[in-house]
Amino acid sequence: MAAAAIEFSSVSFSRPGRRILDGVSFSVPAGETLALVGRSGAGKSTILKLINRLLAPDAGTIRVSGRDAQAWDRYDLRRHAGYVLQEIGLFPHLTVGENVGIVPRLLAWPDERIRTRSDDLLALVGLRAAEFRDRWPDELSGGQRQRVGIARALAADPPVLLMDEPFGALDPITRAELRAEFRAIQARVRKTVVIVTHDMSEAFALGDRVGVLEEGTLIAWDTAAAVVESRDARVRRLLDAGETRG
């Protein structure tokens, strides 16, 4: 197994009056995809925020690429980990090409390198640069905006990619198409990915490993085939529900 790119060791996190994560431990080998699944409020998105230091743990240790996350400069860490959100968050006053190139521009890349990188990434996510680079976000469909969001997250070539319900707001056909495109992209770029979803079928389709969270506790962490065979009653409820929205 490859060296771990992300490690959680007995990590806990609370808000006033509520424990959100309770002693969570797992590791993600470099180049693999971990799909986290569970009901709303189970702690999935909190894990993403802890990885890139939007939050700090109350207890335990988080290591990213071998370093304690708290020892990273927070801005270096966030450049190290691209982030894709369900809401996408494209800047409406920037063109598609400018949105994709925003982080390289902050890193002071030369203009020609930014344009080449943006065009290459648009092609990678299935959007012809000549057709899409000069469009505005409000001229795109939901699926196209999500593709641009993925391209933007990859722009500075981060080794880690965090994805929070990236396909959840899309219609079923577009969602299935983007899942297939994600698998093709990951086969080429081999990032370390942590993806959050409510949908068991999506977790099984995208994850090399699947982690199941229940009330802040990691109740399963294994291959999709092993999770499907789990006898844990809590896991069985999620499997029987199929898609765990709510």
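**Reading pockets and a sheet**

Q: How do the residues lining the second largest pocket divide by class?
A: Start by sorting the lining into classes. In this predicted model, the lining of the second largest pocket holds six nonpolar, seven polar and seven charged residues.

Q: Which residues lie nearest the centre of that second largest pocket?
A: From the classes, move on to the names. Of its 20 lining residues, Lys 44, Ser 45, Thr 46, Lys 49 and Asp 164 lie nearest the centre. The elements giving two or more residues to this lining are β2 (18–29), α1 (44–51) and β6, and α1 supplies the largest share, with four residues. The space in this pocket is about 320 Å³.

Q: What volume does the largest pocket have, then?
A: About 570 Å³. Closest to its centre, among 22 lining residues, are Arg 78, Ala 81, Gly 82, Tyr 83 and Val 103. Here β6 gives the largest share, four residues, and by class the lining has 15 nonpolar, four polar and three charged residues.

Q: In what order do the strands of the open sheet run?
A: Trace the sheet from one edge to the other. Its six strands follow the order β6-β7-β8-β3-β9-β10, with mixed pairing. At the edges, β6 (81–85) and β10 (217–222) each have a single partner strand, so one side of each lacks a neighbour in the sheet. From one strand to the next, the twist averages 15 degrees.

Q: In which sense do β7 and β8 pair?
A: Follow the bridges: β7 (residues 160–164) and β8 (residues 192–197) pair in the parallel sense over five of them. For Leu 162, the bridge partner in β8 is Val 194.

Conventions: Residues numbered from 1 in each chain as written. Predicted model: local features only at pLDDT ≥ 70, side-chain atom pairs only at ≥ 80, totals over all residues. Heavy atoms only, no water. Pairing = 2+ DSSP bridges. Axes fitted to C-alpha atoms, helices over the stretch in contact; angles between N-to-C directions. 1 Å grid on protein atoms, 1.4 Å probe; cavity = no way out; pocket = protein on both sides within 12 Å on 5 of 7 lines; lining within 4 Å. Points joined across faces, edges and corners; volume = space filled by probe spheres on them. Nonpolar A, V, L, I, M, F, W, Y, C, P; charged D, E, K, R; others polar.
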